[in-house]
Amino acid sequence: MANAATVFEPDAAPESWAASYAANGYLLVRGLLDPERAIEPLKDSYTSLVDAMGYVFLSETLPDALGDYGGQPFPLRFATMLGASGGLALHHLDPVLNIFVDHFQYRRDLPTSQIPEVFACIRHARVLDVLEALLGPEVLASPIYHVNVKLAQRHLQEVESVAKASGQDNPTVERFYNFQVGKTDWHMDAVSGLSDSHHSRIANAWIPITEATPENGCLMVVPGSHTGEVRDPQPEHADVLTERAVTLPMRPGDVLFLDNKVLHSSTPNTSDADYRFAFNFRYVQAGQTGGRPFLPGFVARSRSAPESELHNPFVWSTMWDRALTYRVKHGVPYSYGALRDGDVSEDQARAITEHWRRRAPDPRGWLRLEQTDDAPLPAVSW
């Protein structure tokens with residue numbers, strides 16, 4: 001018999017949310033968001049973004065396929081886009097991890113992936129209400145966020161087929177390819193952040209854009225696994241973790257909150273042609289470290305200083321543009337391999353974090369990355 005998940009309704013007492021989250025390391029709130037008002041606009045806008053990128057990459061690498069592209073189902077269009085770009089479209093859609101690869105590409109000629117609808121979801125008041133119960137009244141939106149489109153096997157095969165036809169590299173060799181479009185193995189989010197963030201209060205809001213089922217790749221979580229040390233589970237322990245796990249089918253409007261140290265994975269997409277599309281956004285208690293200081297976070301909610309909150313999605317998008325342009329020019333301060341292997345000491349982690357706190361303490365700092373004038377600026381309401 002499958003382990004039973006603990007599920008809450010949106011009108012539950014915030015104290016019960018906090019108590020269950022503290023005990024289990026996760027909190028699933030059914031119907032927290034209105035699918036028509038909060039999810040569908042994001043799905044439609046992001047689909048348009050993917051289609052635009054597909055037209056760009058096909059025009060560059062496989063123009064003969066353009067005629068059939070628009071009439072295909074979304075997962076097939078997404079697969080075609082990935083193949084035509086050799087997987088590099090993922091660098092643009094999900095730069096938070098891909099920025100660590102040696103051949104990271106940031107193309108300013110592509111439409112930004114930091115669209116207003118993504119920003120609106122990060123800042124959704126009902127999501128922040130739950131986060132306030134879990135983290136306190138001062139909540140920072142971390143720059144660590146991901147989009148995952150888990151494709152069926154036939155679509156993964158299409159990615160490789162289109163890549164071959166268009167003369168592109170095989171996208172499966174991309175370091176984070178499986179995480180973003182294939183099966184997600186057992187892991188703990190905290191391991192991908194600098195060690196000075198391992199004791200921070202960090203929560204991940206996992207938001208499905210399409211229905212997530214055991215057949216197309218819904219999440220599995222091991223309750224209570226967030227209380228130990230930060231670690232990567234060994235592959236040989238996967239079966240044991242799966243036996244202890246709860247499987248969490250979700251519909252658009254549901255939101256799953258995960259402690260940064262809880263062990264979780266996804267089921268494989270064994271469907272014939274279905275796909276699972278989800279975003280996850282990370283948040284940290286204000287005053288604590290988030291683990292990726294050289295990318296732009298912002299104040300999402302502040303009860304003590306509401307004027308410090310960022311409300312303008314176009315400022316957020318420009319912050320990302322400046323940060324990614326800077327990263328391409330100057331590189332990242334450490335490698336992903338060094339981070340995962342423990343080669344970045346806590347002293348080094350603190351030094352990196354402190355440097356970026358001084359360099360970009362607020363949106364103005366991110367917008368002025370290449371300037372050397374560090375004189376104080378007048379207060380601005382964002």
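Colleague: Glu40, is that buried or exposed?

Modeller: Partly exposed: Glu40 has a relative accessible area of 33%. Bear in mind that this is a predicted model.

Colleague: Which helix is Glu40 in?

Modeller: Glu40 sits in helix 2, which covers residues 35–61.

Colleague: And what does Glu40 gather with on the surface?

Modeller: With Asp34, Glu36 and Asp44, in a patch of negative charge.

Colleague: Switching to the sheet. What is the strand order?

Modeller: The order is 1-2-8-5-10-3-11, in an open sheet of seven strands with mixed pairing. Strand 1 (7–8) and strand 11 (298–302) are the edge strands, each pairing on one side only.

Colleague: In what sense do strand 5 and strand 8 pair, parallel or antiparallel?

Modeller: Antiparallel, over four bridges. Strand 5 is residues 202–208 and strand 8 is residues 255–259.

Colleague: What stands opposite Trp206?

Modeller: Leu256, in strand 8.

Colleague: On to charges. How many salt bridges does the count come to?

Modeller: The count comes to 18 salt bridges.

Colleague: Which residue does Arg30 form a salt bridge with?

Modeller: Arg30 pairs with Asp254, and their closest N and O atoms are 2.9 Å apart. Arg30 lies in the loop between strand 2 (26–29) and helix 2, while Asp254 lies in the loop between strand 7 (246–248) and strand 8, so the salt bridge ties together parts that are 224 residues apart in sequence.

Colleague: Asp254, buried or exposed?

Modeller: Asp254 is buried, at a relative accessible area of 6%. Its partner Arg30 is partly exposed, with 25%.

Colleague: What about Arg107, which side chain does that meet in a salt bridge?

Modeller: The side chain of Asp109, at 2.7 Å from N to O. Asp109 is exposed, with a relative accessible area of 55%.

Colleague: And Lys183, which side chain does that one meet?

Modeller: Lys183 meets Asp185 in a salt bridge, with 3.5 Å from N to O. Lys183 counts as partly exposed at 36% relative accessibility, and Asp185 counts as exposed at 54%.

Colleague: Which residues do salt bridges with shared partners join into one network?

Modeller: Asp129, Glu132, Arg301 and Arg303.

Colleague: Back to Glu40 for my notes. What is the relative accessible area again?

Modeller: 33%, so Glu40 is classed as partly exposed. Helix 2 is the place to look for Glu40.

Definitions and conventions
Residues are numbered from 1 along each chain as its sequence is written. This is a predicted model: local features need pLDDT of at least 70, side-chain atom pairs count only at pLDDT 80 or more; totals for chains, interfaces and linings use all residues. Side-chain values use heavy atoms; hydrogens and water are left out. Patches are made of residues with over 30% relative accessible area and no salt bridge: like charges are joined within 9 Å, nonpolar side chains (Val, Leu, Ile, Met, Phe, Trp, Tyr) within 5 Å. Accessible areas come from the Shrake-Rupley method with a 1.4 Å probe; for residues, only the protein chains shown count as cover. A salt bridge is a side-chain nitrogen of Lys or Arg within 4 Å of a carboxyl oxygen of Asp or Glu. Lys and Arg count as positive and Asp and Glu as negative; His and the chain ends are not counted. The place of a charge is taken as NZ of Lys, CZ of Arg, CG of Asp or CD of Glu. Helices (H or I, at least four residues) and strands (E, at least two) are DSSP runs, numbered from the N terminus. Buried means under 20% relative accessible area, exposed over 50%, partly exposed in between (1.4 Å probe, protein chains only). Two strands pair if DSSP finds at least two bridges between them.
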